2 protein chains.
Amino acid sequence: MSTIRDVAKLAGVSVATISRYLNKSGYVNVETELKIKKAIETLNYSPNAVARGLAGKKTNTIALILPDISNPFFPELARAVEDVASMYGYAVILCNSDNQGMKEQSYIEILKKKHIDGIIFASNTLSHTEVAHLDKNGIPLVCLDRAPGKQSCSVVRSQNKNGAKLAIKHLLGMGCRKIAHIYGPHELITAKERLIGYEESVTGFDWYSPTLTMEGDFSIAGGMHAAQVLMDRHPDIDAIFAGNDLMAVGALKALIRRGIRVPEQVAVCGFDGINMTEITEPEITTVAQPIYEMGALVSRILIKKIEGIMEADQTYELDVSLIPRKSTQRRES
Amino acid sequence: MSTIRDVAKLAGVSVATISRYLNKSGYVNVETELKIKKAIETLNYSPNAVARGLAGKKTNTIALILPDISNPFFPELARAVEDVASMYGYAVILCNSDNQGMKEQSYIEILKKKHIDGIIFASNTLSHTEVAHLDKNGIPLVCLDRAPGKQSCSVVRSQNKNGAKLAIKHLLGMGCRKIAHIYGPHELITAKERLIGYEESVTGFDWYSPTLTMEGDFSIAGGMHAAQVLMDRHPDIDAIFAGNDLMAVGALKALIRRGIRVPEQVAVCGFDGINMTEITEPEITTVAQPIYEMGALVSRILIKKIEGIMEADQTYELDVSLIPRKSTQRRES
DNA sequence: CTGAAAGCGCTTACAG
DNA sequence: CTGAAAGCGCTTACAG
């Protein structure tokens with residue numbers, strides 16, 4: 001492996017000039033440039049990014065901390081993050097936190113040692129002290145789905161409450177008159193907002209009762225169980241709005257197993273827009289978040305922040321959209 | 001941020017001693033050790049991994065190059081890779097190649113510059129010249145699903161041919177008497193091996209005809225289309241063995257849409273063991289590869305290679321196992 | 001058991 | 001437009 005020194009020698013200039021040429025910082029004479037180019041080529045020189053990182057305090061690496069890449073919501077997000085990162089010349093380190101504070105802490109420690117340029121945080125348990133800590137260390141941070149709070153970091157999220165309202169409106173439009181809701185864990189702000197959207201849409205109807213809601217844990221099994229309980233409780237439910245797609249899949253499964261026809265007897269609607277909703281039969285209507293766009297945006301924001309092209313921290317709330325599919329299609333309309 | 005120099009000063013020893021203490025290389029007096037510990041604590045010192053990387057030629061970072069993290073096969077694999085990597089103190093950089101040679105090349109160039117310690121390659125188009133190139137550069141490499149060839153790298157794969165035979169045996173056991181096969185792209189060795197396993201199992205039966213096979217492209221849409229063609233061609237098919245789970249899902253979808261009952265009229269069996277096979281209704285029988293184990297193993301092998309605890313390169317062929325589910329359950333048995 | 005010194009391969013003021 | 005030199009924060013022989 002040749003070094004910048006070798007190139008300098010061969011080209012007959014100083015290493016400083018090579019460095020300037022490489023980084024396009026400062027002027028380089030056209031002729032020298034040619035000599036440098038040739039030298040680089042003949043030596044097959046490629047700059048050492050580690051040395052560069054040490055000297056220049058920039059590693060061109062960012063980290064993506066998420067709960068679990070196996071959760072179907074995250075692969076698409078990760079893909080988007082990596083796509084734009086790589087477009088801008090950044091590598092991305094993947095970290096699975098399992099939403100455990102300990103793991104997050106430990107990743108953050110390691111990432112700090114590695115002097116990565118920034119962090120994208122899609123986990124749920126980032127504490128304010130951690131944010132402050134990163135901030136103190138000058139590590140740019142962008143969060144996904146965090147409360148807007150007054151944390152010193154930009155946040156990308158989507159319209160959870162409105163999304164839930166969209167879902168209910170759609171179900172009502174399909175003729176549903178007793179709509180249950182399976183909500184996610186209370187710790188998750190997204191789950192809570194969706195629940196609120198549901199409640200605000202349905203209180204007022206005489207059929208509404210709080211017993212039409214039931215907690216799931218954002219998993220398929222949780223959705224199945226909740227659907228069973230709900231159907232036992234209110235056999236005349238004609239729609240289930242699940243707080244995320246995994247639970248919607250679970251609910252659908254539970255209904256089919258009971259021999260309940262979807263959507264004729266009970267309509268099912270999810271939230272998130274993961275691909276899984278297209279593989280069931282019937283396919284599941286869902287309130288889709290623009291997952292890829294969210295990942296691309298968060299990545300872009302982080303890089304801007306890193307490169308200092310950043311305005312103040314901001315919260316970006318993206319639109320969601322209802323994707324009508326078979327699982328709620330009860331009339332021609 | 002304090003440096004090793006600060007620690008040395010405060011502890012009243014040389015930086016070399018601090019370094020020895022940090023790396024547990026060479027002896028350090030117990031009393032000095034105590035002083036060092038205290039100094040580190042009061043300064044809240046944390047070694048700079050970049051400097052360490054430059055001086056020590058080890059970055060404690062590996063890369064995982066795969067086609068697309070959005071493909072449901074890979075998240076679980078990536079999770080496993082990251083789990084064991086982090087257990088051993090390595091960070092993992094995620095790279096999506098889309099199976100494009102260009103992208104792979106470009107990732108490899110970047111990774112070389114970054115002086116990562118090793119690469120896990122789960123993409124399909126790694127050329128021999130590339131392998132040789134990495135080898136020349138002394139970058140350890142472990143591959144997934146590559147032909148055993150005489151490449152200078154270890155390979156982790158699973159029993160594709162036998163897996164296919166398992167599937168056919170299972171279907172025959174379930175009373176199926178006209179089993180079709182949807183195979184994956186010919187470039188993929190895994191797809192070819194599964195096809196061969198099918199062919200070896202069925203030639204000999206009087207019902208067999210080459211027209212019972214059809215290409216899909218390892219996607220859901222490919223599976224749907226192939227299933228439609230096959231059913232048109234041979235309306236009396238009573239089982240479809242798909243070369244991967246995505247195509248099995250597609251086949252199931254196509255059958256359900258035609259009003260064909262699964263498994264009563266046509267049984268469906270997939271290959272891979274991705275979670276998706278459990279979310280359909282009926283759930284899909286599949287020949288499961290031990291995906292998590294494969295990821296964990298490949299990661300462990302790479303790390304051993306990096307740390308020089310490695311025997312010669314080797315090919316590890318893992319067992320697959322048939323997971324019988326509703327989609328093939330045609331008799332009590 | 002410990003220290004002085006060179007070196008890893010770059011970048012970045014500072015002069016010129 | 002270019003070079004000499006210091007510095008980034010470590011590790012690693014080499015002496016002692």
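1. Start inside chain B. The side chain of D272(B) makes a polar contact with the side chain of R194(B), at 3.5 Å. This comes from a predicted model. D272(B) sits in strand β9 of chain B, which runs over residues 267-272. Is D272(B) buried or exposed? D272(B) is buried, because its relative accessible area is 8% and buried means under 20%.

2. Look next at what surrounds D272(B). Leave aside its neighbours within four places in sequence. D272(B) is then in contact with F73(B), R194(B), N244(B), D245(B), T286(B), V287(B), A288(B), Q289(B) and I291(B). R194(B), the partner in the polar contact, is on that list.

3. Now move to chain A. I274(A) lies in the loop that joins β9 (267-272) to β10 (285-288). I274(A) counts as buried, with 4% relative accessibility. Which residues does I274(A) contact, leaving aside neighbours within four places in sequence? They are P72(A), F73(A), D245(A), L246(A) and I291(A). Here is a point about the fold. I274(A) and F74(A) are 200 residues apart in sequence. In space, their C-alpha atoms are 9.2 Å apart.

4. How are the two chains related? A turn of 180° and a shift of 0.0 Å along the axis lay chain B on chain A, with an RMSD of 0.0 Å. That is the relation of a two-fold axis. Which C-alpha of chain B is nearest the axis? It is that of I93(B), 2.2 Å from the axis. The same surface serves both copies, as 100% of the contact residues of chain B recur in chain A.

5. Turn to the start of chain A, where the UniProt record has two annotations. The unreviewed entry places "domain: HTH lacI-type" at residues 2-56 of chain A. That stretch is 71% helix and 0% strand. Its end C-alpha atoms are 20 Å apart. The unreviewed entry also gives "domain: HTH cro/C1-type" for residues 3-46 of chain A. Residues 3-46 are 70% helix and 0% strand, with end C-alpha atoms 8 Å apart.

6. Next comes DNA strand C. How many residues surround DNA strand C? There are 27, and the closest are I4(A), S19(A), R20(B), N29(B) and T32(B). Of the atoms of DNA strand C that come within 4 Å of the protein, 65% are accounted for by sugar and phosphate. The surface residues near this strand divide into 12 nonpolar, 11 polar and 4 charged. Both chains take part. α2 (15-23) and α4 (49-56) of chain A each supply at least two residues of that surface, and so do α2 (15-23) and α4 (49-56) of chain B.

7. Check some single atom pairs at DNA strand C. A polar backbone atom of N29(B) is 2.7 Å from a phosphate oxygen. Two pairs involve bases. A backbone N or O atom of A51(A) lies 3.5 Å from a base nitrogen of DNA strand C. A backbone N or O atom of A55(B) lies 3.4 Å from a base oxygen of DNA strand C.

8. DNA strand D can be read in a similar way. Which residues are closest to DNA strand D? They are R20(A), N29(A), T32(A), I4(B) and S19(B), among the 27 that surround the strand. Sugar or phosphate holds 65% of the strand D atoms within 4 Å of the protein, and the rest belong to bases. The residues of this surface divide into 12 nonpolar, 11 polar and 4 charged. α2 and α4 of chain A, together with α2 and α4 of chain B, each supply at least two of the surface residues.

9. The atom pairs at DNA strand D use both chains. A polar backbone atom of S14(A) is 2.8 Å from a phosphate oxygen of this strand. A polar backbone atom of N48(B) is 3.1 Å from a phosphate oxygen of DNA strand D. For a base, look at A55(A). One of its polar backbone atoms is 3.4 Å from a base oxygen of DNA strand D.

10. Finish with the two ends of α4(B). At its start, a side-chain oxygen of N48(B) reaches to within 2.7 Å of the backbone nitrogen of V50(B). N48(B) also has the backbone pair with DNA strand D. After α4(B) comes K57(B), whose phi is positive, near 60°.

How values were computed:
Residues numbered from 1 in each chain as written. Chains lettered and ligands numbered in written order. Predicted model: local features only at pLDDT ≥ 70, side-chain atom pairs only at ≥ 80, totals over all residues. Heavy atoms only, no water. UniProt positions renumbered as here; feature names shortened; annotations may be inferred. Helix = DSSP H or I, 4+ residues; strand = E, 2+ residues; numbered from the N terminus. Near = heavy atom within 4 Å. Polar contact = N/O pair within 3.5 Å; in protein donor to acceptor, adjacent residues only side chain to side chain. Nonpolar A, V, L, I, M, F, W, Y, C, P; charged D, E, K, R; others polar. Buried < 20%, exposed > 50% of the residue type's maximum accessible area, 1.4 Å probe, protein only. Contact = heavy atoms within 4.5 Å. Least-squares fit on C-alpha atoms with pLDDT ≥ 70 in both.
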